[in-house]
Every structure is written in structure tokens, then in C-alpha cells.
Amino acid sequence: MRRLTAAAVALVLLAGCGIPAQDEPHPVDLPRGPLNTVPAGPAPGGEVAEVLCLVRDGRLVQAVRRVGAVPTPQRQLDDLTAGPNAAERGLGLATALAGTTLSVRSDGAGVTVEVAEAASRTDEVLAYAQIVCTLTARADVASVSFTRGGDPLRVPRADGSLTDRPLRGWDYSELIVPA
């Protein structure tokens, strides 16, 4: 009897939560701006979100910039290698890709990134993680492969293993700061 009474009380409380039922659907205006990311300062008024995975304290952090048009994968990589803007630097964000030359070509749902430089880096895992996580944040990119001189390039995953297979964001999930 106590369980039945408790269930009835719970049902009455849930039914009377204060939100009235509506007969017709109506539009809902959602707040503008990034969700679950580090704010990159005031939005410059663009209509499209550009996600860049930047670095802070050895981890990846998504920064969202507002731009006027959907960026191409190449434009997004160019913005990534250019590094954080002033507002993002003020939040302690940086890039492991400074001075890196990259070009991208689409292969259907995947992309191939040509890495022009052979420079050795101590933050190589973060550099590749930035590229993969930035590009796979796009709805039109499922995976990222790397080449150098047109040949497949073996790159490190977060666990330190090397692969020349297509990579996805989850290959670097342990490096991503939770939202």
C-alpha cells in the first residue's frame, strides 16, 4: 500500500510541474553562441560556428569562432595553424602547430592531410590530435589520414602507438578536456 501511495504522489507531482500543455507546436529561440566549449570572447557577428581544437596544459580544448560562411577544411586548417586569437590567448590557449604547413583534400567522408614539414617536435601527439579533432568536428568529415610527399604517414595516437590508418576524434579522447 505504501508503494502504491508513493507512486501516486510521484505521479501527481510530475503531472503538476507547472508547464502547461499546448495544443499547437511553437518555435523556440535557442541562445546564440557555443555550447559546452570555452568561450573565445565576444562573437564577431558571424552566422556559422567554426570549431578549432586548441591546446591548454597539454590537453585539447574546443574553441568556437563565429565566421561569415562555412569554412572549407583547408580554411579551418589554416585558421588552426595560425593559432589562437587574442581572446583565446587570454584564456591560456595555444597551438602545437605553429609554423606547420598543411594541405587537405577530401576523400568522400574522410580527408587526407599532406604534411609538408618533417620537423621533429616534442608535442607531436598534440599536433596531430589538434588536426584530427578539429576536422572530425565537422559534419562532413568522418576520418583523417596523413601523407608526406604523397606517401602514407605514420602518426602517433594518444596512446603513443603509430598508425597510417584513418584516425577519428576518439583516437585522442583522453587528451580532450571534458565540456
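A salt bridge here is a side-chain nitrogen of Lys or Arg within 4 Å of a carboxyl oxygen of Asp or Glu. The model is predicted. By this rule the count comes to four salt bridges. Three of the views below show members of that set, among them Arg138 with Asp140.

**View 1. Arg138 pairs with Asp140 in a salt bridge.** The closest N and O atoms lie 2.9 Å apart. That falls within 4 Å, so the pair counts as a salt bridge. Arg138 has a relative accessible area of 12%. The cut-off for buried is under 20%, so Arg138 is buried. Asp140 is partly exposed, at 43% relative accessibility.

**View 2. Glu88 and Arg65 join through their side chains.** The N to O distance in this salt bridge is 2.7 Å. Distant parts of the chain are linked by the pair. Glu88 sits in helix H3, residues 86–90. Arg65 belongs to strand E2, residues 59–67. The two residues are 23 residues apart. Both Glu88 and Arg65 are buried.

**View 3. Asp79 and Arg75 form a salt bridge within helix H2.** Their side chains meet at 3.0 Å, N to O. Helix H2 covers residues 73–82. Asp79 and Arg75 are separated by about one helical turn, because they are four residues apart in this helix. Asp79 has a relative accessible area of 13%, so this residue counts as buried. Arg75 reaches 47% relative accessibility and is partly exposed.

How values were computed
Residues numbered from 1 in each chain as written. Predicted model: local features only at pLDDT ≥ 70, side-chain atom pairs only at ≥ 80, totals over all residues. Heavy atoms only, no water. Buried < 20%, exposed > 50% of the residue type's maximum accessible area, 1.4 Å probe, protein only.
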